[in-house]
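Q: Before we go through the model, could you show me how to read its cavities, its core and its sheet?

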Amino acid sequence: MRTTPRPRRTRGIRRALTGALLAGLTLLTTASPAVADDPSASASPAGDEAGPTEAGTTFRTATALKQGQSGIAQASAGDYLYWVFPADAGQRPTVRATVKLPESAARRGTSAWQVDVYDGLRRRQACMYGHQTRKAAADAATVELSCVLRPVRSWSEPWANDPLPGSYYIRLTVVDLPAADLGLPVGVQVRTSIKEVGGSQDGDGTLSEPLVPGVSVASTNETGETGEADDGGASAAPRTVAAGEPEDGWASGWWTDRWLWTVGGGLLAALAAVFGYSLTRGRGRPSHVPPGV
């Protein structure tokens with residue numbers, strides 16, 4: 001009886017599929033390096049630009065900062081100081097503040113300072129970590145404060161308090177101070193930095209507009225849909241958005257590095273299916289069985 005040689009391609013197929021699986025795993029692990037919590041991530045290049053030299057005293061008069069920019073101000077102990085900066089989806093903002101205290105000879109005791117961050121709806125945002133409140137001894141020259149916010153999401157449920165794209169307000173003030181020290185001059189410096197965390201925090205939707213006060217009015221006036229003319233026939237001037245926007249504009253919402261993970265996962269699933277089929281299909285008709293049996 002004539003025998004036919006057994007096919008020897010199974011081992012080669014297994015090796016090829018194993019290599020493809022390893023390549024897919026490499027793609028997934030390198031597709032979004034920004035997801036890793038890299039403490040060496042640097043701030044926006046705008047941090048080298050000269051910042052404002054004053055601070056607002058209310059939400060409405062908050063001084064605008066660019067991403068990664070610093071601002072300084074001279075104030076009195078007991079004042080409420082406000083700044084505002086933009087943050088987009090996939091970013092994790094960090095706020096740092098340094099308060100230069102008066103000479104120790106002029107102070108009567110210890111003080112406690114606090115930095116708070118609010119979103120565009122004026123909801124207070126919790127800090128992931130940092131020194132949001134700190135006490136300064138009677139002989140301290142400065143006090144350092146910091147607040148690392150949660151990553152900004154592209155969308156969340158209406159009842160949630162998740163950070164969303166838009167304006168973020170910084171409020172700095174003293175929360176505990178001897179009455180005799182009220183009104184003493186202090187110097188303040190605030191710094192903002194932005195870290196890109198990728199699409200790991202993305203939701204399943206996007207906002208129609210970022211949470212920036214006045215953005216809807218400004219957009220409506222620019223398009224002329226509901227702008228009304230005054231008695232002289234001139235159209236109403238667009239309202240200026242105080243907080244501005246990121247230098248590269250607000251995220252469009254359709255692209256995220258989660259697409260890379262989705263495509264990579266689909267490829268891995270297809271390769272795993274082919275590999276499993278090659279293992280379970282058998283070797284075909286045995287060589288000692290004649291054809292037609």
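The dialogue below takes up the overall layout, then the cavities, the core and a sheet.

Q: What is the order of helices and strands along the chain?
A: This is a predicted model, and its chain holds three helices and ten strands, which follow one another along the sequence in the pattern α-β-β-β-β-β-β-β-β-β-β-α-α. Of the 293 residues in the chain, 38% are buried, and among the contacts with a separation of 6 or more, 73% join residues that lie 24 or more positions apart.

Q: How many cavities of 30 Å³ or more does the structure hold?
A: Rolling a probe the size of a water molecule over the atoms shows where empty space is left. In this model there are two cavities of 30 Å³ or more; the largest has a volume of about 50 Å³, and the second largest has a volume of about 30 Å³.

Q: Which residues line the largest cavity?
A: Its lining consists of Ala77, Leu101, Pro102, Arg107, Ser111, Trp113, Leu177, Asp181, Leu184 and Val186, and by character these residues divide into seven nonpolar, one polar and two charged.

Q: Which residues line the second largest cavity?
A: Ala75, Ser76, Gly78, Asp79, Leu81, Trp113, Leu172, Thr173 and Val186 form the lining of the second largest cavity, with β2 (70-76) and β9 (166-176) each contributing at least two of the lining residues. The division here is five nonpolar, three polar and one charged. Trp113 and Val186 appear in the linings of both cavities.

Q: Is Pro102 buried or exposed, and where in the chain is it found?
A: Pro102 counts as buried because its relative accessibility is 14%, under the 20% limit for a buried residue. Pro102 is found in the loop between β4 (91-100) and β5 (111-118). Leaving out residues up to four places away in sequence, Pro102 touches Arg107, Leu184, Pro185 and Val186, and of these Arg107, Leu184 and Val186 also belong to the lining of the largest cavity. Another lining residue, Ala77, is 25 residues from Pro102 in sequence, with a C-alpha to C-alpha distance of 9.3 Å.

Q: Which residues have the most contacts inside the largest nonpolar core?
A: In soluble globular proteins, nonpolar side chains tend to be buried together. Here the largest nonpolar core has 31 residues, and Trp83, Phe85, Trp113 and Leu172 are those with the most contacts inside it. At least two residues of this core come from each of β2, β3 (81-87), β4, β5, β8 (142-149), β9 and β10 (185-196). Apart from this core lies another, of six residues, among them Ala62, Tyr82, Val84 and Tyr118.

Q: Which residues is Leu172 in contact with, leaving aside its neighbours within four places in sequence?
A: The contacts of Leu172 are Asp79, Tyr80, Leu81, Trp83, Ala97, Val99, Gln114, Val115, Leu145 and Val188. Leu172 also belongs to the lining of the second largest cavity, as do Asp79 and Leu81.

Q: What is the strand order in the open sheet of five strands, and which strands stand at its edges?
A: Strands of a sheet pair through backbone hydrogen bonds, either parallel or antiparallel. In this open sheet the order is β1-β3-β9-β5-β7, and the pairing is mixed. The edge strands are β1 (63-64) and β7 (133-136), each of which has a single partner strand, so one side of each has no neighbour in the sheet. Between β5 and β7 the pairing is antiparallel and runs over four bridges, and Gln114 stands opposite Thr133 in β7.

Note on methods
Residues are numbered from 1 along each chain as its sequence is written. This is a predicted model: local features need pLDDT of at least 70, side-chain atom pairs count only at pLDDT 80 or more; totals for chains, interfaces and linings use all residues. Side-chain values use heavy atoms; hydrogens and water are left out. On a 1 Å grid over the protein atoms alone, a cavity is a set of points where a 1.4 Å probe fits but cannot get out, and a pocket is an open set with protein on both sides within 12 Å along at least five of seven lines; lining residues have an atom within 4 Å of a point. Grid points are joined across faces, edges and corners, and a volume is the space filled by probe spheres set on the points. Ala, Val, Leu, Ile, Met, Phe, Trp, Tyr, Cys and Pro count as nonpolar, Asp, Glu, Lys and Arg as charged, and the others, Gly among them, as polar. Buried means under 20% relative accessible area, exposed over 50%, partly exposed in between (1.4 Å probe, protein chains only). Contact means heavy atoms within 4.5 Å. A nonpolar core is a set of buried Ala, Val, Leu, Ile, Met, Phe, Trp, Tyr and Cys residues joined through side-chain atoms within 4.5 Å. Two strands pair if DSSP finds at least two bridges between them.
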